[in-house]
Amino acid sequence: MTTTPYLLVRLGERIAALPAAAVRRVVRGARLHPLPGAGPGLVGLAEFAGEPLAILDLAQLLGLEERSSRPAVTVVTWLGSGDERELVGLGVDDAIEVAELDASALALGQALVGGRPVVVVDTESLGVEA
Amino acid sequence: MTAGFLIVRRAGALWGLPAAQVAGIERVERAERLEGAKQAGEDSATRRLELRLADGGSLAVDAVLTLAGELRVQPVSARLRRFLPAGSAGLALLAGEPVVLMAGKDEVFHV
Amino acid sequence: MFDRHTLRTTMPTAPVVLALLAVGLVIVAEARSGSSWRSSAALLVAALVGAAALPAVRRSFALRTAKQADRVRLVASLDELAAADLVRAKAIAADLPPALSVPLGEALAPLEVLASRIQSSSVEVAGAAGAVKRIASELAAGSSEQSASVVEITAAMEELAQTATQIAGNAEAQAELARLGEATGNEGAAAVGRAVAGVERLRERIAAIAKRSADLERRAEEIFGVLALVEDIARETHLLSLNAAIEAAGEAGDVGRRFGEVAEEVRRLSGRSRDAAASVRRLLEEFSTSIAATVEATSAGGREAERVLLRVTATAGAITGLRDALVETAAAAREISAGTSEQRTASLQVVQTLREASSVVQQIADGLRGFSGAARDLEEAAVSVQLLAQGFRLDSPSSLRHLAESWATELRPLLASPDALERRLESLLEERPDVELVFVNDRRRQRTAIVGQPALLRLVPIPDEIRFGRDFSDRPWFRAAAAERRGIVTSVMTSILTNEKVVTAAAPFFEDGELVAVLGIDVNLERWTSG
C-alpha cells in the first residue's frame with residue numbers, strides 16, 4: 001500500500017487535505033490587502049517571496065459553509081500542473097499536520113484520518129470552473 | 001505588458017492604469033457610490049483627484065502614487081481571472097504592496 | 001528586559017532550515033512521559049528551545065563538518081534542554097567550540113530569564129495567596145468573638161434598662177441602682193472598648209488584604225503576558241515543523257523520511273506545549289477570578305467594618321453617658337422621677353444602638369466566612385501555578401529541582417560513611433527551615449539515612465526500623481527520580497509529621513548506569529512560600 005503525504009488543514013469544523021508536494025509554504029500573519037470588488041472567493045492580495053500572491057478562501061472554493069472570520073493561516077500552494085502551474089495562497093483557519101494518506105485518496109476525494117472524514121483537495125483542478 | 005503604468009490608490013487598494021490611457025489629472029471633490037464594498041461605511045467616498053482618460057471618460061481616485069516605468073508583471077491566469085475584478089490583467093508589486101494592473105481601454109472600473 | 005521584539009528577531013523568518021533543523025531537533029524530539037504538569041513544562045521549554053536554538057544551529061553551518069565529539073555534546077546539551085534542565089544544558093554547551101557555544105548560550109540566556117521570572121513570580125504569588133488565606137481565617141474567627149461580646153453587652157444593658165424602669169420612687173433602690181449602673185457601666189465601657197479595638201484591627205487587616213490582592217492581580221497579569229509570549233512561540237514552532245515536514249515530503253529517500261520524522265516530533269512537542277500553556281492559562285484564569293472575588297469581599301468587608309466602628313464608638317459614648325447619668329441620679333435623690341425617666345430613655349437608646357451594632361458585626365462574620373472560601377481557592381490555584389513552574393531546573397533558590405540535584409552532588413561522596421552522611425544531612429537541614437525531612441535511601445547498602453527538623457521529631461519520632469532494610473522503591477518520589485534519572489518534584493501530598501501540605505524534591509544516584517540511591521527532600525509548602 002503506497003501512501004502520499006498530505007497537509008491537513010482546518011476549515012471551521014471540517015478538515016481538508018492538500019497534497020504536500022503541491023504546498024510551497026505555510027505562513028501565518030501574512031499582510032493581507034483586501035480588494036474591494038473582487039469575487040467572494042478572494043480574501044485579498046499579499047506579497048510572497050518578492051512576488052504578488054492572490055489569496056483565495058479554500059472553504060469557499062470547496063463549497064463548504066461560510067465562516068465569519070477571516071482565515072488566519074495561508075497555505076502557499078501550486079495550483080494547476082505543468083506549464084500552467086501557478087502559486088496561489090489558500091486561506092485556512094489552521095494548519096494541523098502532515099499525514100500519509102493512501103494513494104487512492106485523491107481519486108476518491110475523501111479519506112478517513114483518525115476516524116474523521118477529510119476532504120481531499122485536487123490542487124490541479126482547484127479554482128477552475130467545471 | 002511592461003510599458004509605463006500610472007499607479008493610483010482607490011478604495012484602499014493599488015491599481016495600475018496604462019499611462020497611455022490617462023490624459024490628465026485634476027483636483028476635485030466628488031462623492032461617489034461604491035459597488036461591491038465589503039465593509040459597512042465604505043459605500044460612499046469622497047475622492048479628491050480625477051483622472052481624465054484618453055477615451056473621454058474620467059475616473060476618481062484617492063491618490064496618485066507614481067508613474068512606474070518598468071514593472072514586473074504577473075499575468076492574471078484564467079483561474080484567477082474569476083476572482084479578480086473584471087478587467088484585471090496582471091498583478092505586480094510596488095514597494096512590497098500588491099498592485100492590480102488593469103488592461104487597456106474600454107475596461108470599466110467596478111469599484 | 002526580555003521583550004517580545006527580542007524574541008521575534010531570533011525567530012527565523014527565512015524558509016525552513018533543513019539539515020540544521022534535523023540535527024538540532026532530532027534530540028529535542030524525544031518526548032518524555034511522566035506527571036502531566038512536569039512534562040508539559042519540560043516540553044514547553046523544549047518547544048521554546050526548538051525555536052530559539054535554531055539560529056544558533058543555523059549560524060554554524062559548519063555543523064555538517066563539525067567534529068563527532070562536538071555533535072555528541074550538542075546532542076547532550078539539547079537533551080538536557082528537552083528535560084527542562086537549563087543548568088546542565090548550559091554546562092555542557094560551554095564546552096562546545098565558540099561557533100556553537102556562543103549562539104547556543106545566547107539562545108539559552110533569555111530562556112533562563114523567562115523561566116526564572118516565572119518561578120520566582122509564582123512563589124511570590126503563592127506566598128501572598130497563603131497570607132490572604134490566613135488573614136481571612138483570623139478575621140472570620142475574630143469577628144465572631146466581637147459579635148459574641150457585643151451580644152453580651154446588649155443583654156446586660158437590656159437588663160439594666162428593665163431594672164431602671166421597675167425601681168422608681170425608692171431612694172434605697174436608687175442608690176443600689178446607681179451602684180449597679182456604675183459597675184455595669186464600667187464593665188460595659190471596658191467591653192465596648194475591647195470591641196472598638198477589635199474592629200479597628202479588623203479594618204486594618206482588611207486594608208492589608210486589599211493591598212495584597214492588588215499585588216496578586218499585577219503578578220497574574222505579568223504571568224499572562226509571559227504566557228501569551230510562550231503561546232506565540234508554540235505557534236511559530238508548530239508552523240516551522242509543518243514547513244519542515246512539507247519540505248521533507250519533497251525530498252526523496254532516506255533523508256526526506258528522517259526530516260519528516262523530526263518535523264513530526266517537533267510538531268507534537270509544540271502541540272503539547274500549546275496544551276501546557278492552555279492549562280497554565282486556565283489556572284491563571286481561575287486564579288484571577290479568585291482575586292476578583294477577594295477584592296470584592298475586601299471592599300464590602302471594609303465598608304462594613306467602617307460602619308460597625310462608627311456604631312460601636314457611638315455605643316461607647318452612650319454607655320459613658322448612661323453611667324454619668326446614673327451617678328448624678330444617686331447624688332440628687334429628690335429629682336428621682338425626672339431622673340428615672342431620663343435614665344430609661346438613655347438606656348433604651350443604648351440598647352437600640354447595641355442591637356444594631358450586634359447585627360452588623362454578625363453580618364460581617366457571615367460575609368467573612370464566604371471570603372475565607374474564596375481565599376482558599378485562591379491559594380490552591382496559586383500553589384498549582386507554583387508547582388507547574390517547578391518543572392524547570394534553574395540555578396536559583398526558587399528551583400526545587402536544583403536543590404535536590406545540588407544536595408545530591410554534595411552528598412554523593414558520603415554515601416559510603418553513614419555517620420558523616422547523617423551529620424551532613426543535619427547541617428543541610430539547618431540551612432532550610434522549610435524542609436521537614438531529608439533522607440537518602442541507599443539501595444545497595446540497604447540503609448536509609450534520615451534526618452528531620454528537631455522541633456517536628458519531638459512530636460513524631462522516626463522509628464529505627466525505617467533506617468534498616470526498608471524498601472522505598474514503590475514511593476512516588478523514588479519511582480519518579482528513578483524513571484526520569486534526574487532531579488524531580490512530586491505533586492502535593494500531606495506530611496505525616498505536620499499534617500500540612502508538602503512536596504518531595506528527589507534526585508537519583510547512579511553508578512555505572514545502575515541506580516544505587518535516591519535522595520528525598522520533603523518541603524513544607526507553606527513555609528517554603530512564606531519564607
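The following exchange concerns a predicted model and the terms used to describe its chains A, B and C.

Modeller: This is a predicted model, in which local features need pLDDT of at least 70, side-chain atom pairs count only at pLDDT 80 or more, and totals for chains, interfaces and linings use all residues. Residues are numbered from 1 along each chain as its sequence is written, and chains are lettered from A and ligands numbered from 1 in the order in which they are written.

Colleague: What makes residues of chain A and chain B count as in contact, and how many do so?

Modeller: Two residues are in contact if their C-beta atoms, placed from the backbone, lie within 7 Å. By that rule, 22 residues of chain A are in contact with 25 residues of chain B. Strand 4 (42-48) and strand 5 (51-57) of chain A each supply at least two residues of this side.

Colleague: Why are some residues on the side of chain A that touches chain B called nonpolar?

Modeller: Twelve are nonpolar, because they belong to the group Ala, Val, Leu, Ile, Met, Phe, Trp, Tyr, Cys and Pro. Six are polar and four charged; Asp, Glu, Lys and Arg count as charged, and the others, Gly among them, as polar.

Colleague: Which element of chain C gives the most to the side that touches chain A?

Modeller: Helix 7 (residues 171-250) does, with eight residues. Helices (H or I, at least four residues) and strands (E, at least two) are DSSP runs, numbered from the N terminus. Chain A itself has two helices and ten strands.
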